[in-house]
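Me: Please take a close look at one part of this model, the helix packing. Keep it brisk, and say what each term means as you go.

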Amino acid sequence: MDFLNTIFTFPTVVFTTLLLIVMVFWLIALLGFADIDLLEGDVELDVDGGGDSFLQMGFGGVPLTISISFVVLISWVASFYAHQLFAYALGDGVMFYLLGAAMMLGCFVLSIPLTAILIKPLRRFFDSKEAASKNDFIGLECVIATSKVTSQFGQAKVQFQGTEQLIEVRADEEGLFALGDTGFLIEHDANKNSYLVVEKPW
């Protein structure tokens with residue numbers, strides 16, 4: 001009962017709710033009704049802008065859904081034990097929620113570097129480039145996976161040797177592509193590790 005009381009009491013209940021959502025997602029994914037790359041086309045990662053991003057924090061190389069799942073799980077575990085150890089210090093009334101919120105934020109911040117460390121061994125399972133050189137994608141069709149493609153931002157999915165791979169793409173003109181459009185890869189930029197995509201010539 002003490003376990004249930006802790007996980008369903010603020011602040012741990014916030015992470016408990018998120019963890020339940022994550023568990024439902026993975027159950028749906030195992031049943032084949034959701035793709036683990038579900039969020040890749042919805043989150044714009046500023047890879048070239050120099051700002052903080054999931055890639056720069058060490059989250060690159062695995063699907064975003066896996067990184068988020070680790071963050072939620074680690075946050076939940078940290079919050080549970082912090083709640084057990086420091087429940088006496090949370091006080092009552094307004095202080096209870098203020099200190100609880102601070103504890104929740106601390107657990108979340110702690111989970112980010114821990115997640116980056118834990119997902120590193122998983123990257124080799126999602127490394128899609130070991131069987132292909134950069135130029136092998138040139139001449140292939142791709143499906144745009146982001147809301148737009150510009151000279152600084154864009155991602156697309158390409159089929160290669162029976163697998164679907166997510167790559168960085170760029171376009172000379174903004175507004176040519178939207179999510180779900182089909183493009184044609186014509187050039188690889190080694191400096192930016194991205195491909196120039198143009199409209200299909202047919």
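Reply: The helix packing comes below, followed by a few features around it.

The model is predicted, so local features need pLDDT of at least 70 and side-chain atom pairs need pLDDT 80 or more, while totals for chains, interfaces and linings use all residues. Residues are numbered from 1 along each chain as its sequence is written, and side-chain values use heavy atoms, without hydrogens or water.

Start with the overall layout. The protein has 6 helices and 5 strands. These are DSSP runs numbered from the N terminus: H or I over at least four residues for a helix, E over at least two for a strand. From the N terminus, the order is α-α-α-α-α-α-β-β-β-β-β. Of the 202 residues, 37% count as buried (under 20% relative accessible area; exposed is over 50%, partly exposed is in between; 1.4 Å probe, protein chains only). Contact here means heavy atoms within 4.5 Å. Among contacts between residues at least 6 apart in sequence, 62% join residues at least 24 apart.

Now the first helix pair. Helix α4 spans residues 64-86, and helix α5 spans residues 93-118. Their axes come within 8 Å and cross at roughly 135°. Axes are lines fitted to C-alpha atoms, for helices over the stretch in contact, with angles from 0 to 180 degrees between N-to-C directions. α4 and α5 are therefore oblique to each other (under 35 degrees is roughly parallel, over 145 roughly antiparallel, 65 to 115 roughly perpendicular, the rest oblique). The crossing of α4 and α5 is right-handed. That means the near helix is turned clockwise from the far one by less than a right angle; anticlockwise is left-handed.

Which residues of α4 and α5 make the contact? On α4 they are S67, F70, V71, I74, S75, A78, S79, A82, H83 and F86. On α5 they are M103, C107, F108, L110, S111, L114, T115 and L118. By class, this contact has 12 nonpolar, 6 polar and no charged residues. Nonpolar covers Ala, Val, Leu, Ile, Met, Phe, Trp, Tyr, Cys and Pro; charged covers Asp, Glu, Lys and Arg; the others, Gly among them, are polar.

Helix α4 also packs on helix α2, residues 12-30. The angle is about 145°, with the axes 9 Å apart. This crossing of α2 and α4 is left-handed. From α2 come T12, F15, T16, L18, L19, V22, F25 and W26. They meet T65, I66, S69, V72, L73, S75, W76, S79, F80 and H83 of α4. The contact of α2 with α4 counts 11 nonpolar, 7 polar and no charged residues.

Next, P11. It sits in the loop between α1 (2-7) and α2. At 0% relative accessibility, P11 is buried. Beyond its neighbours within four places in sequence, P11 contacts S79, H83, G100, M103 and M104. P11 and F96 are 85 residues apart in sequence, yet 9.3 Å apart in space, C-alpha to C-alpha. The peptide bond from F10 to P11 is cis, with omega near 10°. Most peptide bonds are trans.

Aromatic rings come next. A search of the whole structure finds 10 aromatic pairs. Rings of Phe, Tyr and Trp (its six-membered ring) pair if their centres lie within 6.5 Å; planes under 30 degrees apart are stacked, over 60 edge-to-face, the rest tilted. F25 and W26 pair edge-to-face, at 5.2 Å centre to centre and 75° between the planes. F25 is buried at 17% relative accessible area, and W26 is partly exposed at 24%. F137 and F160 also pair edge-to-face, at 5.3 Å and 90°. This pair links distant parts of the chain, 23 residues apart: F137 is in the loop between α6 (123-126) and β1 (141-144), and F160 is in strand β2 (residues 155-160). F137 and F160 are buried. Ring pairs also link F3, W76, F80 and Y81 into a cluster.

Last, two loop residues among the strands. G180 lies in the loop between β3 (163-170) and β4. G180 is partly exposed, at 46%. Not counting residues up to four places away in sequence, G180 touches V143 and I144. G180 and A145 are 35 residues apart in sequence and 6.3 Å apart in space, C-alpha to C-alpha. N193 lies in the loop between β4 (182-189) and β5 (194-199). Phi of N193 is near 50°, a positive value in a residue other than glycine. N193 is partly exposed, at 36%.
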